[in-house]
Amino acid sequence: MSTRRLTTAQALVAFLARQYTERDGQRHRLINATWGIFGHGNVAGIGQALIEHRDRMPFLQGRNEQAMVHAAVGYARQSGRLSAHAVTTSIGPGATNLVTGAALATINHLPVLLLPGDTFAGRPADPVLQQLEVPYAGDVSVNDTLRPVSRYFDRIARPEALIPAALAAMRVLTDPATTGAVTLALPQDVQAEAFDWPEEFLAERVWHVRRPRPDAAELDAAVRAVRAARRPLIVAGGGVHHSRAEAALRALADATGIPVASTQAGKGALPHDHPADVGGIGHTGTATANHLARTADLVIGAGTRYSDFTTASSTLFAEPGVRFVNLNITGFDAHKMAALPLVADAREGLEHLARALDGHRVPAAYPAEYEERKTAWEARVTTAYTARGDDRRPTQPQVLGLLDALVDDTDILVNAAGSLPGDLHKLWRARSRDQYHVEYGYSCMGYEIPAAIGVALAAPGRPVWALVGDGTYLMNPTEIVTAVQEGVPIKVVILQNHGYASIGGLSESVGAERFGTAYRHRAADGTYTADPLPVDLAANAAALGMRVLRAHTIGDLREALAEARSATVPTCVYTETETADTVSGAPAAEAWWDVPVAEIATRPPAVRAREEYDRHVAARRRHL
């Protein structure tokens, strides 16, 4: 057997540079780049290997380990899960900083390869710097925190152990049913150890991304359910996008007249102007979609995992006899809601369903009803978007309205947390299948800026907008430096309302009186003044190297957004918004979300909130 003598780290990088995915006859490089922050545990192993193979493995320098994972996740999502990035860190805080990003990747079923350094396998000195000592287990390190948030985890204690572990890692990364964060923990002495590697291990390898077809019996049951329904509704989730099933979904909607509502991950599955697109569903959904959900006699879930926001905490699908058909690539999700399962790739499942339903259409009155409701909702969106007078501060929906008037189908919007996801889900008019990039599986503050870098790397030349509130900006602005260093021309829009507006509103609704949610001066008696803190986030962004455009009024903002869109360098647009307390914003939620309220309290707001909570809980049901 022919072999090549390399260190473990060199062999790993050489292996990764030769891995490819293939789907529908198109080939993609699997690991397209490696993000890294170096310290002891990876600088002399993986770091040296990346120099050795720099002609085949691009390197990206991050500033925060969690942010590097977010950037890799943004890249993977924009790449349709067919290409991904690796992330390497040192053995201590660098490794534990990966946990949040890993959880986000796994919850959202997005591939990322994590390569944290680890303590010495040979234990020549014990403990070493940053080592966690566990009295009852000598083989535990901080990297074990990554086990529950990884789809696959292995610690490479010997060079030869890398061979099966690396192959297993690639298998999981490329499996659409199991993909997520994959962790290979690399003891620093093993990284530097030489070994004779089989040439077969280092050879080019192509991983076929499967498209499983539906079982005939499951398909027959689903078809019978659809034919028997009078008011069916499709709920499109992220699986539609991952499968590139948008055309198949559109063909099914065109042929049958079944309306399509979308989760946060599924928004854009149909363009906003398609007659069957009825908008977002659930707690942050449209009145149109939620009315159809309450009255549906059949719900067809396509690539959704039915989060509590989608189901309004199990209160939304209210028709007594409602049934479910779940098309999902995993049996775990397909069986939720006591559904008839249709376990298959989303595109394959939708195409098979459309063929089997040949000639079937919903009653003619049904499309007429939902199209009329959709028209009424669009009028409400226009009202929320419309800015009256260019000399005023904008509301948050008016900021979205100015963007709506500016962008085309090439623009991509990235968001994750705060009040923006709710406003976007209700109001945004998605023009293309990938314009709407909102991470709401984990709803992680600090995701937006690094993820926008990853998206821009996967979609060069397209305008990529990171929409952030002041709260989420303060969580993780560091990758601005990376965008400047790499020349990635992301557009960051900072909406400053001087506090955690989303959680403040939630706090008020559950009787917690907005406690601890504003950026205000604290008085001697423990109360907070009305004056905001003298924090200048625009100056901060400028200090990190961004070009900054300050917009004081609606007129200023319109000009600044247009200037930012055409910019060829990383550019920030900063504006202070009116709060929901003073100017009406987006329409209120028309579906509930379960946040338990104190059962016993003395303060009147909590007592009132509990009464409202009990009223909603009474409407909850289990679909059995």
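This section describes a sheet, a surface patch, a helix and the nonpolar cores of a predicted model.

Six strands form an open sheet in the order E5-E4-E6-E7-E9-E8, with parallel pairing. The edges of this sheet are strand E5 and strand E8 (152-155), each of which pairs on one side only, and neighbouring strands are turned by 20 degrees against each other on average, when direction is ignored. Within the sheet, strand E6 (residues 84-89) and strand E7 (residues 112-118) run parallel and are joined by four bridges, and threonine 88 stands opposite leucine 115 of E7.

The edge strand E5 spans residues 59-61 and includes phenylalanine 59, a residue that counts as partly exposed because its relative accessibility is 33%, which lies between the limits of 20% for buried and 50% for exposed residues. Together with Phe38 and Val43, Phe59 makes a nonpolar surface patch of about 250 Å².

In the interior, the largest nonpolar core comprises 52 residues, of which Leu233, Ile234, Leu249, Ile281, Val299, Phe317 and Phe324 touch the most other members. The greatest contribution to this core comes from helix H9 (residues 216-228), which gives five residues. Another core, of 51 residues, lies apart from the largest one and includes Trp35, Ala103, Leu110 and Ala451. Ala451 is also among the buried residues of helix H19, as are Ile449, Ile453 and Val455; this helix, formed by residues 448-458, is mostly covered, with nine of its eleven residues buried. In soluble globular proteins, nonpolar side chains tend to be buried together.

Definitions and conventions:
Residues are numbered from 1 along each chain as its sequence is written. This is a predicted model: local features need pLDDT of at least 70, side-chain atom pairs count only at pLDDT 80 or more; totals for chains, interfaces and linings use all residues. Side-chain values use heavy atoms; hydrogens and water are left out. Patches are made of residues with over 30% relative accessible area and no salt bridge: like charges are joined within 9 Å, nonpolar side chains (Val, Leu, Ile, Met, Phe, Trp, Tyr) within 5 Å. Accessible areas come from the Shrake-Rupley method with a 1.4 Å probe; for residues, only the protein chains shown count as cover. A salt bridge is a side-chain nitrogen of Lys or Arg within 4 Å of a carboxyl oxygen of Asp or Glu. Helices (H or I, at least four residues) and strands (E, at least two) are DSSP runs, numbered from the N terminus. Buried means under 20% relative accessible area, exposed over 50%, partly exposed in between (1.4 Å probe, protein chains only). A nonpolar core is a set of buried Ala, Val, Leu, Ile, Met, Phe, Trp, Tyr and Cys residues joined through side-chain atoms within 4.5 Å. Two strands pair if DSSP finds at least two bridges between them. Axes are lines fitted to C-alpha atoms, for helices over the stretch in contact, and angles run from 0 to 180 degrees between N-to-C directions.
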